[in-house]
Protein chains: 2
Amino acid sequence: MTEASPNQLSEMWPGLLAEIQAANHILLASHVNPDGDALGSALAFSFVLDQLGKSHEVLFHHPAPKYLNFLPGIERITNQPSGRPADLAIVVDLEAIGRIGETIYPAIAAAKKLVIIDHHQPNERPGDIRIVSTKSPATAAILADLWLPNNIEISPEIATLLLVGILTDTGNFRYPNTTPHSMHVAADLLEAGAKLTAINEAIYLTKPLPAVKLFGKALSNLRLAADNQVAYTTLRQSDFTNSGAIEEDTEGFVNELLAIDTVRMAAILRESASGRIKISIRSQGPIDTTQVAKQFGGGGHINASGAHSDDTIEVAAEKLVEAMVQCLASS
Amino acid sequence: MTEASPNQLSEMWPGLLAEIQAANHILLASHVNPDGDALGSALAFSFVLDQLGKSHEVLFHHPAPKYLNFLPGIERITNQPSGRPADLAIVVDLEAIGRIGETIYPAIAAAKKLVIIDHHQPNERPGDIRIVSTKSPATAAILADLWLPNNIEISPEIATLLLVGILTDTGNFRYPNTTPHSMHVAADLLEAGAKLTAINEAIYLTKPLPAVKLFGKALSNLRLAADNQVAYTTLRQSDFTNSGAIEEDTEGFVNELLAIDTVRMAAILRESASGRIKISIRSQGPIDTTQVAKQFGGGGHINASGAHSDDTIEVAAEKLVEAMVQCLASS
């Protein structure tokens, strides 16, 4: 079922609850490079399993990113399965089995039964029991639909964890996946004691110093073309070294360029340690970035694509802006 | 009444409706330098008066800021009263009569009756009829409480205008004034057809090119002190000229510095056209910025204050960082 309504989701809880109650030991897990929804959903489920008195482990291939270290229960996650046999593996926010990650996959695969709870467009359809709703903006929103109407006590910890999942996957209610229902659910979680201020401070109001320094460098290298409709910038290895920033710190930079009122297409060129140039391209509306990415052997979606170049960063930037200006002219 | 509950607010509508129905001509107004809540609330009320078939004018002393020009009905606002006698003036989002603005004040003062609808802490208590709730995060949230339960048809335009008021006054649900009830109301407005994507694009996802260029300059001038706990930057007149930015474009810059993970106190020094230096200081938690501002003859609140200096920007910056480091050490 891919289009379960909130009511249909709530009706799926008793079946899952029966499986949980029948199990002696349960594994909770999610995808590699965990985000707010993966960690929030898995940890919320861990607190619910506590309530139900169920022995369990919370397994993640990768550690949490720093900005999510404030999550209640974050110390529960590990990539070292105990080896204790599990009756049930509940994997949240996962649409393809390969994204579980190799350090924890064998433990999950060895569990007697696999439950998948997810909001992504199903791909491989893994799992013996699948609770999937592509209408939900976050897996955390699905869990709220399972639990809120079904007498699971939503503690402030659980409320905070689920709200983190909803806020991070809806971009704080800014993405088009935001539904009135998901906002009502968020309001219910606030009412249940979710710590909104703590979430905002940790996730939105805190930026690593090296990332801010690197963004300053990116802005000072800002170049415009096509009557300010094209914006691009370059970051060299020395910029990373001087600021102390890592590649992860550049996330969102290209979107900041695209947010400039005159800009319809934006790109960033980053020099990797090997000297290879990584290119990210974004656009608004019908402007197809893949037309540009393809010229560099890359690809992606209409409004977001990527490519690599083995030229120097200056030459790559020159070729890129030419391709972007052409693309814009033909759009 | 300063602590009206949503239910109490909804019960105040019939009385106000009777006044509206008895009136031949109505003036709507709000405060100078209108923000999203002032414009959203006044324009939403204008659409409701259309529904009720009431002749009215929407008066503002100042024009709307550019980023709010997308608001439905924005062309209705004017600072030129028609002079037609009004039975009723409904002034939203206003706690002190002086903030109406001189170009429209005489028309408002000449109206037979003054209604104030507001969420600020009452100060002067103007108005013959006062609908005030300091628990509401926005005047728009009060209007939603008046209208949603009272059979006023919330068109997509009205929903969009009220949602703008709630989102801008709660910082997109990031400020502590966010209540579960206001989030439920926002969800209801979404359901009524509020254009969330348009709001986000206009208000949050669009930055003027000169402002982005100037922010790049501010970041390239970023200086740190006290083990990266103090951050400050300078902007000269030439920076404004080179980027084409105006003072309004620096709004939020100092908060961006305060958002750096290591920073507990931040400041920005701006050179005005006259050469005078404007200083803005921000802090986190118990660090009292007024201790610093006072040394420059300024003042403000614990976490936000301002001052001026007649020194050169370099000398002012030097004195400022010394005062900030001392203040931090004594906190």
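The legends below describe close-up views of a predicted model.

**View 1. Chains A and B and the rotation that relates them.** Chain B is superposed on chain A by a rotation of 180 degrees with 0.1 Å of shift along its axis, at an RMSD of 0.2 Å, the fit being by least squares on the C-alpha atoms of residues with pLDDT of at least 70 in both copies. That is the relation of a two-fold axis. Because 100% of the interface residues of chain B are also interface residues in chain A, the copies meet through the same surface.

**View 2. The two domains of chain A.** Domain 1 of chain A spans 6–204 and domain 2 spans 211–329, with bounds from an automatic or database domain assignment. Their C-alpha centres lie 34 Å apart.

**View 3. The open, mixed sheet of chain A.** Six strands (E runs in DSSP of at least two residues, numbered from the N terminus) follow the order β7-β8-β9-β10-β12-β11, where pairing requires at least two DSSP bridges between two strands. The edge strands β7 (223–225) and β11 (299–301) of chain A each pair on one side only. β11(A) is joined by 3 bridges to the antiparallel strand β12 (residues 304–309) of chain A, and A:Gly299 stands opposite A:Gly306 in β12(A).

**View 4. Helix α12 on the sheet of chain A.** Helix α12 (residues 313–329; helices are DSSP runs of H or I with at least four residues) touches β7, β8, β9, β10 and β12 of chain A, contact meaning heavy atoms within 4.5 Å. Its direction makes about 165 degrees with that of β9(A), angles running from 0 to 180 degrees between N-to-C directions of lines fitted to C-alpha atoms, for helices over the stretch in contact.

Residues are numbered from 1 along each chain as its sequence is written, and chains are lettered from A and ligands numbered from 1 in the order in which they are written. Local features need pLDDT of at least 70, side-chain atom pairs count only at pLDDT 80 or more, and totals for chains, interfaces and linings use all residues, while side-chain values use heavy atoms, with hydrogens and water left out.
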